[in-house]
Amino acid sequence: MGDDIWVKRASWRGPAADSHGDGYGPLPDKPKQIGGSNGTANGGVKDNGSEDSVNLKKKITLVNGICLIVGNIIGSGIFVSPKGVLVEVGSVGLSLVIWAACGAFSVVGALCYAELGTSIPKSGASYAYILEAFGPLLAFLRLWVSVLIIEPTSQAVIALTFAQYLIQPFFPTCEAPNAAVRLLATVCVAIITFVNCAYVRWGTRVQDLFTYAKLVALVVIIITGLVHMGYGEVAPFQNSFEGTTANVGGIALALYSGLFAYAGWDTLNYATEELRDPYRNLPRAIWISLPIVSVIYILTNISYYTILTTTEVLNSDAVAVSFANRSLGVMAWCIPIAVAMSTFGGLNASIFAAARLFFVGAREGHLPDLLAMVHITRYTPVPAVLFNGFMAICYLTSDDVFTLINYYSFMYWLTVGLSVAALLWLRYKRPDMHRPIKVNLFFPISFLIACVFLVVVPFYSDTVNSLIGTGIAATGLPVYYVGIYMKKKPAWLTRFVDTVTRACQKVMMSILPDPDVQQQMIEEAD
């Protein structure tokens with residue numbers, strides 16, 4: 001490696017061209033022609049899905065995109081968050097209002113991201129948009145909190161929920177051992193990490209399958225609840241606002257739990273460069289997915305409250321299992337299995353997206369080069385996927401799921417708010433920028449105001465967790481100075497990162513992609 005370990009470099013290095021056999025020599029200056037005999041496809045642009053270049057490929061179709069979004073949104077949240085919402089608002093009526101408001105809020109955010117994703121057709125979602133609008137410092141801090149909080153905590157929550165649901169039927173009369181739950185969650189993360197290292201197509205096929213499974217499970221819950229309502233079991237809705245809290249901080253935390261269940265509507269923005277025809281398929285996938293999820297979520301909560309009392313919901317760590325035990329009789333075992341499959345699919349989508357974020361961050365020079373490398377035959381970002389899996393497993397040492405959600409939500413909505421602020425800033429600074437989709441300014445402005453509320457209010461209602469999250473974000477400032485801003489690195493740091501990168505590259509059989517072909521993939525939609 002060169003002396004400047006953390007800064008994006010123009011050279012393309014890898015094992016294919018190393019005459020000494022150490023796996024780290026420079027590749028040829030000019031890559032092979034790609035895209036067939038004439039080198040073009042899709043209207044004269046080179047087909048970057050060719051097997052002749054080591055890059056991420058455009059393998060994601062519209063259906064894959066819809067399944068990624070739906071699969072990531074419907075992960076563990078709808079099976080965990082009903083308790084988190086109800087405990088903060090105190091009544092069935094207001095909890096349903098919160099769920100509907102969270103759905104509408106997510107639709108508005110998705111509309112803003114549709115404009116951003118088609119105007120800035122780069123993978124990385126909010127990181128790419130903040131980088132484009134506000135420069136490297138804020139973009140790095142967004143990436144830093146993703147590495148330390150956002151991605152690993154959300155994946156830890158999903159994995160723990162998967163393990164809880166899968167193991168609960170074996171302990172019908174007592175709580176499952178905590179060590180067994182965490183061990184099973186770790187195995188789940190390891191399996192999905194392997195799948196996403198193997199092939200992109202494996203990851204999308206797993207996602208499609210488990211998305212269909214989770215939709216079937218939720219439809220069963222909804223139909224069961226509606227049947228009971230048809231028999232006149234509507235008592236929970238007659239005085240539905242009784243016991244409602246007037247605490248603004250509690251309502252904010254309820255919104256956190258509800259929005260956690262909707263988190264994932266930006267999943268496809270993390271892999272824009274791997275999406276076929278992103279100008280058409282990105283907004284289509286968003287517009288199809290969000291209404292489906294919103295309707296399913298509201299009907300699922302209605303079904304929960306039809307069968308279970310508020311006390312039963314508050315006392316249950318697995319609301320869907322309690323629902324099944326009360327309503328499905330001998331077939332109650334189906335719901336825990338279906339929920340486990342649902343959370344497995346949600347975790348797969350989350351790991352898929354997070355690996356792309358780390359890959360893009362490394363490509364921009366904000367993370368070590370190793371994370372920007374691609375396997376030489378499987379064309380997957382193996383180092384980034386493995387790093388993401390390691391971070392998620394580290395967070396599995398935490399037992400309190402709702403504390404993790406609060407850490408996650410505070411930092412997540414801060415970065416989403418910055419992304420929407422980037423949309424408004426680019427509207428002002430670059431009015432002539434090509435925008436295939438241009439939303440009414442009412443949507444980004446109202447969404448940004450709501451994000452400010454979600455970030456500011458917890459400082460009053462949950463001061464300690466908010467300060468911890470802010471402190472973790474602030475730790476990125478010295479890292480940015482040493483790793484990126486300071487051009488002359490300490491010699492020991494250079495040697496250390498160089499040694500680790502070389503060793504890991506050989507083990508993972510990965511090289512830096514051709515930057516020219518990567519740029520073509522970004523520009524293909526232009």
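This report describes the fold, the nonpolar cores, the cysteines, one helix and the aromatic pairs of a predicted protein model.

**Overall architecture**

The protein chain contains 19 helices and 2 strands. Of its 526 residues, 58% are buried. Among contacts in the chain with a separation of 6 or more, 80% join residues that are 24 or more positions apart. The chain exposes about 20700 Å², and 66% of that area is supplied by carbon and sulfur atoms.

**Nonpolar cores**

In soluble globular proteins, nonpolar side chains tend to be buried together. In this model, the largest nonpolar core has 90 residues, and the members that touch the most others are W265, Y297, W413 and F447. Helix α3, residues 92–119, contributes the largest share of this core, with 14 residues. A second, separate core holds 50 residues, including C197, V206, A372 and L396.

W413 illustrates the packing around one residue. Leaving aside residues up to four places away in sequence, W413 touches F105, Y256, L259, W265, F447, C451, L454 and V455. Several aromatic residues also meet through their rings: ring pairs link F105, Y113, Y129, W265, W413 and F447 into a cluster.

**Cysteines**

The count of disulfides is 0. C451, one of the residues touched by W413, is an example. The cysteine sulfur closest to that of C451 belongs to C112 and is 8.8 Å away; a disulfide requires sulfur atoms within 2.5 Å, so this separation is too far for a bond. C451 counts as buried because its relative accessibility is 2%, under the 20% limit. C334, by contrast, is partly exposed, with a relative accessible area of 27%.

**Helix α13**

Helix α13 covers residues 382–395. Its 14 residues should span 20 Å at 1.5 Å a residue, and the end C-alpha atoms are 20 Å apart, which agrees with that expectation. The buried residues of α13 are V382, P383, A384, V385, N388, G389, M391 and A392. These buried residues pack against the helices α5 (136–167), α6 (178–198), α12 (334–363) and α18 (491–508), and against the strands β1 (374–375) and β2 (510–511).

**Aromatic pairs**

The whole structure has 18 aromatic pairs. Two of them are set out below.

| Pair | Geometry | Centre to centre | Angle between planes |
|---|---|---|---|
| W99 and Y297 | edge-to-face | 5.7 Å | 90° |
| F358 and F387 | edge-to-face | 5.6 Å | 70° |

W99 lies in helix α3 and Y297 in helix α9 (residues 278–307), so their pairing ties together parts that are 198 residues apart in sequence. W99 is buried, with a relative accessible area of 0%, and Y297 is likewise buried at 0%.

The pair of F358 and F387 also links distant parts of the chain: F358 is in helix α12 and F387 in helix α13, 29 residues apart. How buried or exposed are F358 and F387? F358 counts as buried because its relative accessibility of 1% is under 20%. F387 counts as partly exposed because its value of 24% falls between the 20% and 50% limits.

Key. Residues are numbered from 1 along each chain as its sequence is written. Side-chain values use heavy atoms; hydrogens and water are left out. Helices (H or I, at least four residues) and strands (E, at least two) are DSSP runs, numbered from the N terminus. Buried means under 20% relative accessible area, exposed over 50%, partly exposed in between (1.4 Å probe, protein chains only). Contact means heavy atoms within 4.5 Å. Accessible areas come from the Shrake-Rupley method with a 1.4 Å probe; for residues, only the protein chains shown count as cover. A nonpolar core is a set of buried Ala, Val, Leu, Ile, Met, Phe, Trp, Tyr and Cys residues joined through side-chain atoms within 4.5 Å. The expected span of a helix is 1.5 Å times one less than its number of residues. Rings of Phe, Tyr and Trp (its six-membered ring) pair if their centres lie within 6.5 Å; planes under 30 degrees apart count as stacked, over 60 as edge-to-face and the rest as tilted.
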